[in-house]
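Let's take a walk through a protein together, one piece at a time. Have a look at the sequence and the structure first, and then we'll start with a question.

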Amino acid sequence: MKKIPCLIFIFFLFIDLAFCAQEGFTFEFKEKGIVVYSKNISGSNIKEFYSSTVLNGNIRDIVHIINDFSSYNRLFPDVYYSELVESDDAFDIYYQIINDKFFLKKRELFVEKKIFYDNDLIVIRFNAISHKKYPVTKAYFRITNLYGEWILTDYMSGQKTIVLYRIKRDLAGYLPDFILNRINKSHAFNILYFLKEYLYSTGK
């Protein structure tokens, strides 16, 4: 019985190492079954982060949760508010407000999200955009430089899902680079940790 978790770990580690070697990421830490990596970006002091884990559950059920950005304020503590503001067959646009203990003022952003299907692989890409209907106000700092993606792979015939999450974002405002990178590293870990907690609490 112990061979199955071991095989899962080996397969998961192989996927991780292959991805990191290809994309140029370096190991940061591993905790609670979640591995976090970082990558230096040429011409920028802001790092890109990547995290990965294996979740119990069918890929379609997990994608249904992740793809609903409007629920993120209920799933993830750093998302203060999230609302769908525009949608069509090609993409969705969400308005979000995020918060962190290091912030003196909350951040806001508009996120354009697209989803792609390829057999047992599903990719959700998202990036910050401007929106003419919602001009910048003094209430929040506006995030305009952000991109990321979720990469989900079916594993063990639908019993488990390998989840990769990557994020590169400038949080705007007046934050030293080392604080910004610390926030983003914690975010890369926490978003998978709280997703795992949600799945566990709902029995999914």
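Is Arg 125 buried, partly exposed or exposed? Its relative accessible area is 41%, and because buried means under 20% and exposed means over 50%, Arg 125 counts as partly exposed. Keep in mind as we go that this is a predicted model.

So who does Arg 125 pair up with? Arg 125 makes a salt bridge with Glu 149, and their closest N and O atoms are 3.1 Å apart. These two come from distant parts of the chain: Arg 125 belongs to strand β7 (residues 121-129), while Glu 149 belongs to strand β9 (residues 145-155), 24 residues apart. Glu 149 has a relative accessibility of 12%, so it counts as buried. In other words, a partly exposed arginine is holding on to a buried glutamate.

Glu 149 has another partner, too. Arg 166 forms a salt bridge with Glu 149, with 3.5 Å between the closest N and O atoms. Here again distant parts of the chain are linked, since Arg 166 is in strand β10 (residues 160-170) and Glu 149 is in strand β9, 17 residues apart. Arg 166 is buried, with a relative accessible area of 10%. Add Glu 48 to the picture, and you get one network of salt bridges with shared partners: Glu 48, Arg 125, Glu 149 and Arg 166. Why can such pairs form at all? Side chains of opposite charge can pair when their charged atoms come close.

The full count is 7 salt bridges. Another one of them joins the side chains of Asp 92 and Lys 113, at 3.0 Å from N to O. It bridges distant parts of the chain as well, with Asp 92 in strand β5 (residues 92-98) and Lys 113 in strand β6 (residues 107-118), 21 residues apart. Both of these charged residues are buried. Lys 113 has some aromatic company too: it lies over the face of Phe 69, 5.4 Å from the ring centre.

That brings us to the rings. A search of the whole structure turns up 17 aromatic pairs. Take Phe 69 and Phe 126: their ring centres are 5.8 Å apart and their planes meet at 70°, so this pair is edge-to-face. Phe 69 sits in the loop between α2 (59-66) and α3 (72-75), and Phe 126 sits in strand β7, so the pair ties together parts that are 57 residues apart in sequence. Both Phe 69 and Phe 126 are buried. They also belong to one aromatic cluster, together with Tyr 72, Phe 76, Tyr 94, Trp 150 and Tyr 165. Elsewhere, the charged end of Lys 106 sits over the ring of Tyr 80, 4.6 Å from its centre.

Now for the nonpolar side chains. In soluble globular proteins, nonpolar side chains tend to be buried together. In this model, the largest nonpolar core has 42 residues, and those with the most contacts inside it are Ile 66, Phe 126, Trp 150, Leu 152, Leu 171 and Leu 195. The largest share of this core, 9 residues, is supplied by helix α4 (residues 177-202). What does Ile 66 touch, leaving aside its neighbours within four places in sequence? Its contacts are Tyr 72, Ile 124, Trp 150, Leu 152 and Leu 195.

Let's stop at one more arginine. Arg 142 lies in strand β8 (residues 141-142), and at 13% relative accessible area this residue is buried. What does its side chain find there? A polar contact of 3.0 Å joins the side chains of Arg 142 and Glu 108. The backbone oxygen of Pro 135 is also 3.3 Å from a polar atom of the Arg 142 side chain. Not counting residues up to four places away in sequence, Arg 142 touches Glu 108, Leu 109, Phe 110, Tyr 134, Pro 135, Val 136 and Ala 172.

Finally, step back and look at the whole chain. It has 4 helices and 10 strands, and along the sequence they follow the pattern α-β-β-β-α-α-β-β-β-β-β-β-β-α. Of its 204 residues, 46% count as buried. Among contacts between residues at least 6 apart in sequence, 55% join residues at least 24 apart.

How values were computed:
Residues numbered from 1 in each chain as written. Predicted model: local features only at pLDDT ≥ 70, side-chain atom pairs only at ≥ 80, totals over all residues. Heavy atoms only, no water. Core = buried A, V, L, I, M, F, W, Y, C linked by side-chain atoms within 4.5 Å. Buried < 20%, exposed > 50% of the residue type's maximum accessible area, 1.4 Å probe, protein only. Contact = heavy atoms within 4.5 Å. Salt bridge = Lys/Arg side-chain N within 4 Å of Asp/Glu carboxyl O. Polar contact = N/O pair within 3.5 Å; in protein donor to acceptor, adjacent residues only side chain to side chain. Phe/Tyr/Trp six-rings, centres within 6.5 Å; stacked < 30°, edge-to-face > 60°. Lys NZ or Arg CZ within 6 Å of the ring centre and 35° of its normal.
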